[in-house]
Amino acid sequence: MNERSEDRNDFFEKVWEVVAEIPFGKVTTYGHIAEHIGVKSAARTVGWALSAAAGSNLPAHRVVNRFGALSGKMHFSTPTVMEERLRSEGVAFDQDGCVRLDLHLWIPGEGA
DNA sequence: ATGTTGACATTGA
DNA sequence: TTCAATGCCAACA
């Protein structure tokens, strides 16, 4: 019943599910999440799902864009909580303030 | 109801 | 190489 409705909700649900699977001290990108979900081209919508998850228990701070930049830091309680939190997890940052994806990039399904 | 924006990514010119 | 346009899904005005 209302399978369509579930589908709509399913997108967010999948995003949350993947984000919740991100291991400590690791980060992933919107594209990888979207790709794992099945809607590879919907990386933007993933960001929307995270905005909805900003008030959830999901480690949305572990999700960054393809450049490793903390694009959504401004959506947190404070624009500094994201970087501080990642640093607190042992995540290394680049001189540009971007996360070292080369060191902490985690892909959904890889760590499962 | 329609159009625009939004925490992005990819491809084309 | 760099710039611009497009695609995706959902929420907001």
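# Chat about a predicted protein–DNA model

Me: Where does glycine 111 lie?
Reply: Glycine 111 lies in the segment that comes after helix H5, which covers residues 101-104. Please keep in mind while we talk that this is a predicted model.

Me: And is that glycine buried or exposed?
Reply: Glycine 111 is exposed, since its relative accessible area is 56%, and the cut-off for that word is over 50%.

Me: How far is glycine 111 from isoleucine 22 in space?
Reply: From C-alpha to C-alpha the two are 8.1 Å apart, although 89 residues separate glycine 111 from isoleucine 22 in sequence.

Me: OK, so what about isoleucine 22, where does it lie?
Reply: Isoleucine 22 sits in the loop that runs between H1 and S1, and it is buried, with a relative accessible area of 3%.

Me: Which residues does isoleucine 22 touch?
Reply: If residues up to four places away in sequence are not counted, isoleucine 22 touches Val27, Thr28, Arg62, Val63 and Trp106. Glutamate 84, by contrast, has its C-alpha 18 Å from that of isoleucine 22, with the two positions 62 residues apart in sequence.

Me: Arg62 is on that list, so which atoms of isoleucine 22 and arginine 62 lie 2.9 Å apart?
Reply: The pair consists of the backbone oxygen of isoleucine 22 and a polar atom in the side chain of arginine 62.

Me: Is arginine 62 buried or exposed?
Reply: Arginine 62 counts as buried because its relative accessible area is 10%, which is under the 20% cut-off. Arginine 62 is found in the loop between H3 and strand S2, the latter being residues 63-64.

Me: What else does arginine 62 touch?
Reply: Leaving out residues up to four places away in sequence, the residues touched by arginine 62 are Ile22, Pro23, Phe24, Gly25, Lys26, Val27, Thr28, Leu86 and Glu89.

Me: Switching topic, how many helices and strands does chain A have?
Reply: Chain A has 5 helices and 2 strands, and when you read along the sequence they follow the pattern α-β-α-α-β-α-α.

Me: What radius of gyration does chain A have, and how does that sit with a compact globule?
Reply: Chain A has a radius of gyration of 14 Å, which agrees with the value near 13 Å that a compact globule of 112 residues would have. The C-alpha trace spans about 50 × 30 × 20 Å along its principal axes.

Me: How much of chain A counts as buried?
Reply: Of the 112 residues in chain A, 36% count as buried, while the area that the chain exposes is about 7,100 Å², with carbon and sulfur atoms supplying 47% of it. As for contacts in chain A with a separation of 6 or more, 64% of them are between residues 24 or more positions apart.

Me: Now the DNA: how many residues surround strand B?
Reply: DNA strand B is surrounded by 17 residues, and the closest are Arg44, Trp48, Leu50, Arg66 and His75. Among the atoms of DNA strand B that come within 4 Å of the protein, sugar and phosphate account for 51%.

Me: Which helix gives the largest share of that surface?
Reply: The largest share of the surface near DNA strand B comes from H3, with 6 residues. Helix H2 (30-37) and helix H3 (43-53) each supply at least two residues there.

Me: What classes of residue are on the surface near DNA strand B?
Reply: By class there are 7 nonpolar, 8 polar and 2 charged residues on that surface.

Me: Which part of the DNA does arginine 44 approach?
Reply: Arginine 44 has a polar side-chain atom that lies 2.7 Å from a base nitrogen of DNA strand B. Tyrosine 30 also approaches a base nitrogen of that strand, with an N or O atom of its side chain at 2.9 Å, whereas arginine 66 places a backbone N or O atom 2.3 Å from a phosphate oxygen.

Me: Does Arg66 come up elsewhere, say, which residues does threonine 29 touch?
Reply: Threonine 29 touches Arg66 together with Val64, Asn65, Leu101 and Leu105, not counting residues up to four places away in sequence. Threonine 29 lies in strand S1 (residues 28-29) and counts as buried at 6% relative accessibility, and its side chain makes a polar contact of 2.9 Å with the side chain of histidine 32.

Note on methods. Residues are numbered from 1 along each chain as its sequence is written. Chains are lettered from A and ligands numbered from 1 in the order in which they are written. This is a predicted model: local features need pLDDT of at least 70, side-chain atom pairs count only at pLDDT 80 or more; totals for chains, interfaces and linings use all residues. Side-chain values use heavy atoms; hydrogens and water are left out. A residue is near a molecule or strand if one of its heavy atoms lies within 4 Å of it. A polar contact is a pair of N or O atoms within 3.5 Å; within protein, one must be able to donate a hydrogen and the other to accept it, and residues adjacent in sequence count only if both atoms are side-chain atoms. Helices (H or I, at least four residues) and strands (E, at least two) are DSSP runs, numbered from the N terminus. Ala, Val, Leu, Ile, Met, Phe, Trp, Tyr, Cys and Pro count as nonpolar, Asp, Glu, Lys and Arg as charged, and the others, Gly among them, as polar. The radius of gyration is taken over C-alpha atoms; the globule rule is 2.2 Å times the number of residues to the power 0.38. Buried means under 20% relative accessible area, exposed over 50%, partly exposed in between (1.4 Å probe, protein chains only). Contact means heavy atoms within 4.5 Å. Accessible areas come from the Shrake-Rupley method with a 1.4 Å probe; for residues, only the protein chains shown count as cover.
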